[in-house]
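Here's a quick tour of a predicted model. Have the sequence and the 3D view handy as you read.

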Amino acid sequence: MNIAIVGATGNVGRKIIEVLEKKELSIENLFLVASPKSAGKKILFKGKECEVSDLTSFDFAKVKIAFFSAGGKISEKFVEKAAKKCLVIDNSSYYRMDPHVPLIVPQVNPEALKNINKNIIANPNCSTAQLVIVLKPLHDAYTIKRVVTSTYQSVSGGGKAPMDELIEQTKLFLDNKEIKSQNFTKQIAFNAIPHIDTFADEGYTKEELKMTNETKKILDPKIELSATCVRIPILVSHSESVNIEFEKSFTIEKVRELLDNSSGCKVIDERKDGGYSTPIEATGKNETFISRIREDKTITNGLNLWIVSDNLLRGAALNAVEIAETLIKNKFYGK
Ligand SMILES: NC(=O)c1ccc[n+]([C@@H]2O[C@H](COP(=O)([O-])OP(=O)(O)OC[C@H]3O[C@@H](n4cnc5c(N)ncnc54)[C@H](OP(=O)(O)O)[C@@H]3O)[C@@H](O)[C@H]2O)c1
């Protein structure tokens, strides 16, 4: 099968290449696509050099599946045209809330892949993907009423440019030089910024509303979710402090067992120094790690968790490739 990656030179695109290299998918030709500035560049795939093509002249009829990870504006302009010729798995936020486009985390709602109308499938926001994969087994067992979460998100969530800027700002800070932020609203080095994406309704940011709306779409519209999203000065992996209120009672032992047996989840929770997961350990791993599992005794049936995952993998590249794998395994559900 022929596959294309649009945005192949970016953070997520490069991760998709890495993930595809490790998978057993039989790819005949991999087409790498980006902006005109990258056209002609060479990127290795399975030891072979692949030349980057310019998106404006790329013919999507050459491929069966195209992964798009070049931002919402590019998806808005190119995805529907591409979807006339191939199946598109879109990483941007552009189609996520479109009622005719399934929003998928394969471990959570693979059945929604049976309803592909526009030939487009959306990949969720990175903070949502790692959250719902943990919420799913708990919701099945105890029915979630409400979730309150605060995120600690790495700069790679914003793309490659913010990663470069964090390193540059850190050097300037250590050299006692002036810092002028370009990709952030304030200094990010040695700081925390409670603002990701633009401001939307009633003081919430779009990133916070994405977590609410996408969780409802993927898991259950009845779940209430309130989020505070914060950018912190680390390169990769997002962390989330999560408070959950269930309808039914639970035991900590059973929660641990459920999560540890859930596909894509791994419990690291030893209640001692270092007995929990941090972003550095999660980086480069496929699992979403769950630590600090404890009862919230201030409410009935309340649970507190700490969740960490590689945002470029579960939150983007791995999830997108697993969507493709699920489709291939199920023979595209007859389409
Ligand atoms: N980072 C995450 O954790 C994450 C998680 C989930 C979803 N996403 C989504 O994935 C998308 C990509 O994110 P990223 O972090 O990979 O961003 P990035 O590192 O900034 O990469 C952007 C990519 O888009 C390409 N691009 C930009 N303008 C283009 C144009 N006019 N025509 C064709 N290609 C163009 C760039 O190509 P050039 O190198 O040629 O400019 C590059 O390959 C975004 O929609 C983002 O919201 C990201």
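Strands β2 and β4 run parallel to each other, with three bridges between them. β2 covers residues 29–34, while β4 takes in residues 48–54. Keep in mind that everything here comes from a predicted model.

**β2 and its neighbours**
- To find the β2–β4 pairing in your viewer, go to Ala34 and look across to Asp54, its bridge partner in β4.
- β2 also pairs with β1 (residues 2–6), again in the parallel sense, and here there are five bridges.
- A handy spot for seeing that pairing is Ile3, which sits opposite Leu30 of β2.
- How much of β2 is buried? Five of the six residues in this strand are, so most of β2 is covered.

**The β-α-β unit**
- Helix α1, residues 11–22, joins β1 and β2 in a β-α-β unit.
- Which hand does that unit have? The β1, α1 and β2 unit is right-handed.

**Asp90, a buried acid**
- Asp90 belongs to strand β6, which spans residues 87–90.
- Asp90 is buried but makes no salt bridge.
- Arg96 is the nearest side chain of opposite charge, and it lies 6.9 Å from Asp90; the cut-off for a salt bridge is 4 Å, so this pair doesn't count as one.
- What Asp90 does have is a side-chain polar contact with Ser92, at 2.8 Å.
- Leaving aside residues up to four places away in sequence, Asp90 touches Phe68, Ser75, Val79, Tyr95, Ile121, Ala122 and Asn123.

Technical notes
Residues numbered from 1 in each chain as written. Predicted model: local features only at pLDDT ≥ 70, side-chain atom pairs only at ≥ 80, totals over all residues. Heavy atoms only, no water. Buried < 20%, exposed > 50% of the residue type's maximum accessible area, 1.4 Å probe, protein only. Helix = DSSP H or I, 4+ residues; strand = E, 2+ residues; numbered from the N terminus. Pairing = 2+ DSSP bridges. Right-handed = clockwise from strand over helix to strand, strands pointing away. Lys, Arg positive; Asp, Glu negative; His and termini not counted. Polar contact = N/O pair within 3.5 Å; in protein donor to acceptor, adjacent residues only side chain to side chain. Contact = heavy atoms within 4.5 Å.
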